[in-house]
Amino acid sequence: MTVDDTGSGAGADGRVDPPLERGDAHAADTGDDPLALRLEQLILGAERRYTPFQAARSAGVSMELASRFWRAMGFADIGQAKALTEADVLALRRLAGLVEAGLLSEAMAVQVARSTGQTTARLAEWQMDSFLEGLTEPPEPGMTRTEVTYPIVELLLPELEEFLVYVWRRQLAASAGRVVQSADDEEMVDRRLAVGFADLVGFTRLTRRMEEEELGELVEAFETTAADLVAARGGRLIKTLGDEVLYAADDAGVAADIALRLVETLANDETMPELRVGMAFGTVTTRMGDVFGTTVNLASRLTSIAPRDAVLVDSAFAQELIRTGEAPASEAEAAEAAAAAEKEGEEPPAYRFALQPMWQRPVRGLGVVEPWLLARRDDRSQTS
């Protein structure tokens, strides 16, 4: 193989290797894989230079605080190996600077590190798995995946970085808008939301009958369908749990429409199992993009008792739909309202949903609840 003055080399077969770096010598000393080191330098834009102690000292923070930040971001303890870069020092300096300026408390800075680390770790794992599976078909027979990984990452990295920042800014703008519209400061953390769980029926049995690849495709199709529907109708996907998705909406009518559309969509797909949905409305505590509290627990419990291809809501959710005119308290009330409107020569109320009270029943950990079965009042609303 010949090496030009840029450090890249071409073998006798004409293939070009990734550029040689000083990291190759370091790899020989440490036993690290040379390609892994070159990929790391490509992605981070810098070579290993600091031990954790040296990085903390250069950033002007204590080793204890630096360790808290790194662990919160999901990075493993590395002892005092020389594995950190200028970017690590800059990240520490920025977080510590936000604390020193009084913009964030130390605890909040750790939360920022943890939420960012958890979110991006999952994203990075998915991207590498998906891109390497779908985009690394060997251009020449006999080439290994590792031989095509470097140029793929080199091409994708700048585009993915720009796209990530764009999506983050868009999501941040939407979230900031919701905060500004909150009635008071308490609503920024403890808010009244409609929360829904959608669960595939019989998923455990499916795992015994289906091949792993088929099961993975089914889960991906379910998550994609749910994510698209939730976003398109104005809800927010909180998280996916394989056979279950959790979403939230500020408006009970929006959440109800999402739930029914999920059931309708999957019912028309022969490859999908049946679906059941449970929803509750009330005060919800939000932390790091997740939701917690009795309302969330109640929605989860209602999902477990919901009939197949059906939606159950709690009494607070039902009352919210009634209060906002999305559903009548009963069909008798709807008939009376229609008769009164006809008598006055007016249009009758345009209810979107129907509610049917079910038997009260005890729910583990939450006492006795009164579930309501949610349905559309007529088929015309499904054409919108």
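Helices and strands here are DSSP runs, numbered from the N terminus: a helix is a run of H or I with at least four residues, a strand a run of E with at least two. With that in hand, we can place Pro357, which is found in strand S9 (residues 353–357).

Before going on, a word on the model. It is predicted, so local features need pLDDT of at least 70 and side-chain atom pairs count only at pLDDT 80 or more, while totals for chains, interfaces and linings use all residues. Residues are numbered from 1 along each chain as its sequence is written, and side-chain values use heavy atoms, with hydrogens and water left out.

**The whole chain**

The protein chain's secondary structure comes to 13 helices and 12 strands. How many of the 384 residues count as buried? That would be 34%, where buried means under 20% relative accessible area, exposed means over 50%, and partly exposed lies in between (1.4 Å probe, protein chains only). The accessible surface of the chain is about 22800 Å², and carbon and sulfur atoms hold 52% of that; these areas come from the Shrake-Rupley method with a 1.4 Å probe, and for residues only the protein chains shown count as cover. A contact means heavy atoms within 4.5 Å. Among contacts with a separation of 6 or more, 62% join residues 24 or more positions apart.

**Pro357 and its surroundings**

Back to Pro357: it is partly exposed, with a relative accessible area of 45%. Leaving out residues up to four places away in sequence, Pro357 touches Glu370, Pro371 and Trp372. Its C-alpha atom is separated by 9.0 Å from that of Leu374, which is 17 residues apart from it along the chain.

**A few helices**

Helix H3 covers residues 52–59, and its buried residues are Pro52, Ala55, Ala56 and Ala59. Looking down the axis of H3, these fall within an arc of 100 degrees, so they line one face of the helix. The arc is taken from the directions running from the helix axis to the C-beta atoms. In general, an α-helix has 3.6 residues a turn, so residues three or four places apart point the same way. What do the buried residues of H3 pack against? Their partners are helix H4 (63–72) and helix H5 (86–100).

Helix H12 (residues 315–323) has Phe317, Ala318, Glu320, Leu321 and Ile322 as its buried residues. Helix H13 (residues 331–343) has 13 residues and, at 1.5 Å a residue, should span 18 Å; its end C-alpha atoms are 18 Å apart, which agrees. The expected span is 1.5 Å times one less than the number of residues.

Glycines with a positive phi turn up after these helices. Gly60 follows H3 with a phi near 80 degrees, Gly325 follows H12 with a phi near 80 degrees, and Gly345, just after H13, has a phi of about 70 degrees. Most residues other than glycine have a negative phi. Asp309 is a non-glycine residue with a positive phi, near 55 degrees. Asp309 sits in the loop between H11 and S8 and, at 32% relative accessibility, counts as partly exposed.

**Salt bridges**

A salt bridge is a side-chain nitrogen of Lys or Arg within 4 Å of a carboxyl oxygen of Asp or Glu. By this rule there are 16 of them. Here are three:

| Pair | Closest N to O |
|---|---|
| Glu40 and Arg48 | 2.9 Å |
| Arg71 and Asp77 | 3.1 Å |
| Arg308 and Glu274 | 2.6 Å |

The Arg308 and Glu274 pair links distant parts of the chain, 34 residues apart: Arg308 is in the loop between helix H11 (294–305) and strand S8 (310–313), and Glu274 is in the loop between helix H10 (252–267) and strand S6 (275–287). Arg308 is partly exposed at 47% relative accessibility, and Glu274 is partly exposed at 32%. Elsewhere, salt bridges that share partners join Arg233, Asp257, Arg261, Glu264, Glu326, Arg352 and Arg376 into one network.

Is Glu326, a member of that network, buried or exposed? At 13% relative accessibility, Glu326 counts as buried. Glu326 is found in the loop between H12 and H13. Not counting residues up to four places away in sequence, Glu326 touches Asp251, Gly253, Leu321, Tyr351, Arg352 and Phe353.
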